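The exercises below work through one structure, each with a task and a stepwise solution. Have the sequence and the model open while reading.

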Amino acid sequence: DLGPKQAAATLEKHYATFVTEQDFKDIAAAGLDHIRIPFSYWAVAVYDSDPYVLGISFRYLLRGIEWARKHGLRINLDLHAAPGSQNGWNHSGKSGDVGWILGVNGTVNAQRTLDIHDQLSKFFAQPRYKNVIAFYGLLNEPSISIPQDELIDWTEKAYKIVRDTGVNATQIF
């Protein structure tokens, strides 16, 4: 356990060097026109005993969007990790049990994810993002163990939230 201050410093160093503006230049120079930017919910919120550092990644997400704009790229904005983990895989922030829709806090975590979309879609509905965010991803790879009717119900709610805030990007799931 790094502790909050050292974890924040470690993440700052990682984010500042892992992907740089040069990567965006290189992608554009290669003739590509879109880039997928996965991000986790703790870019904008943490809950209960989450071990994540709040907010640092959001600054770098915004920086990436601005680099994309500068170099003529469009963004596929992709919520990659939801509270409780939508699939139990390490890239969702937590290996193990699915705690999104399923489990003791599954319903709470599904609502938290809707709340995150409400917050983010209001932010990304601003005119400055309309021409750079081409795709808005609702959730990456939810578990096959989640009942389809509950997943469809959540997706319909998320879609409506994002649409109603004015995001004109194509929503993907």
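**Exercise 1. Is I101 buried or exposed, and what is the sign of its phi?**

Step 1. I101 is buried, since its relative accessible area is 11%; buried means under 20% relative accessible area, exposed over 50%, and partly exposed in between, with a 1.4 Å probe and protein chains only.
Step 2. The residue I101 sits in the loop between β2 and α4. Helices (H or I, at least four residues) and strands (E, at least two) are DSSP runs, numbered from the N terminus.
Step 3. Phi of I101 is near 70°, which is positive although the residue is not glycine. Most residues other than glycine have a negative phi.

Before going on, note the basis of these values. This is a predicted model, in which local features need pLDDT of at least 70 and side-chain atom pairs count only at pLDDT 80 or more, while totals for chains, interfaces and linings use all residues. Residues are numbered from 1 along each chain as its sequence is written, and side-chain values use heavy atoms, with hydrogens and water left out.

**Exercise 2. Describe D48 in the terms used for I101.**

Step 1. D48 belongs to the loop between β1 and α3.
Step 2. Its phi is near 45°, again a positive value in a residue other than glycine.
Step 3. With a relative accessible area of 68%, D48 is exposed.

**Exercise 3. In what order do the strands of the sheet lie, and which stand at the edges?**

Step 1. The order is β1-β2-β3-β4, in an open sheet of four strands with parallel pairing. Two strands pair if DSSP finds at least two bridges between them.
Step 2. At the edges are β1 and β4 (170–172); each has a single partner strand, so one side of each has no neighbour in the sheet.
Step 3. From one strand to the next, the twist averages 25°. Axes are lines fitted to C-alpha atoms, for helices over the stretch in contact, and angles run from 0 to 180 degrees between N-to-C directions.
Step 4. α4 packs on this sheet and touches β1, β2 and β3; the direction of α4 makes about 170° with that of β3. Contact means heavy atoms within 4.5 Å.

**Exercise 4. How many bridges join β1 to β2, and how many join β3 to β4?**

Step 1. Strand β1 (residues 34–40) pairs with β2 over seven bridges, in the parallel sense. F39 stands opposite L79 in β2.
Step 2. Strand β2 (residues 74–81) is mostly covered, with seven of its eight residues buried.
Step 3. Strand β3 (residues 133–137) and β4 run parallel and are joined by three bridges. The bridge partner of G137 in β4 is I172.

**Exercise 5. At what angle do α1 and α3 pack, and which residues make the contact?**

Step 1. Helix α1 (residues 4–18) packs against helix α3 (residues 56–70) at about 15°, and their axes are 10 Å apart.
Step 2. The two helices α1 and α3 are therefore roughly parallel; angles under 35 degrees count as roughly parallel, over 145 as roughly antiparallel, 65 to 115 as roughly perpendicular and the rest as oblique.
Step 3. From α1 the contact takes A8, L11, E12, Y15 and A16, and from α3 it takes I56, S57, R59 and Y60.
Step 4. By class, the contact of α1 with α3 has six nonpolar, one polar and two charged residues. Ala, Val, Leu, Ile, Met, Phe, Trp, Tyr, Cys and Pro count as nonpolar, Asp, Glu, Lys and Arg as charged, and the others, Gly among them, as polar.

**Exercise 6. Treat α4 and α6 in the manner of Exercise 5.**

Step 1. The angle between helix α4 (residues 106–124) and helix α6 (residues 148–164) is about 20°, with the axes 9 Å apart.
Step 2. This makes α4 and α6 roughly parallel to each other.
Step 3. A110, T113, L114, H117, D118 and S121 of α4 meet W154, K157, A158, I161 and V162 of α6.
Step 4. The residues in this contact of α4 with α6 are six nonpolar, three polar and two charged.

**Exercise 7. Which residues does F123 touch, not counting residues up to four places away in sequence?**

Step 1. F123 lies in helix α4.
Step 2. On that count, F123 touches F58, L62 and Y129.
Step 3. At 28% relative accessibility, F123 is partly exposed.
Step 4. F123 and V167 are 44 residues apart in sequence, and 9.1 Å apart in space from C-alpha to C-alpha.
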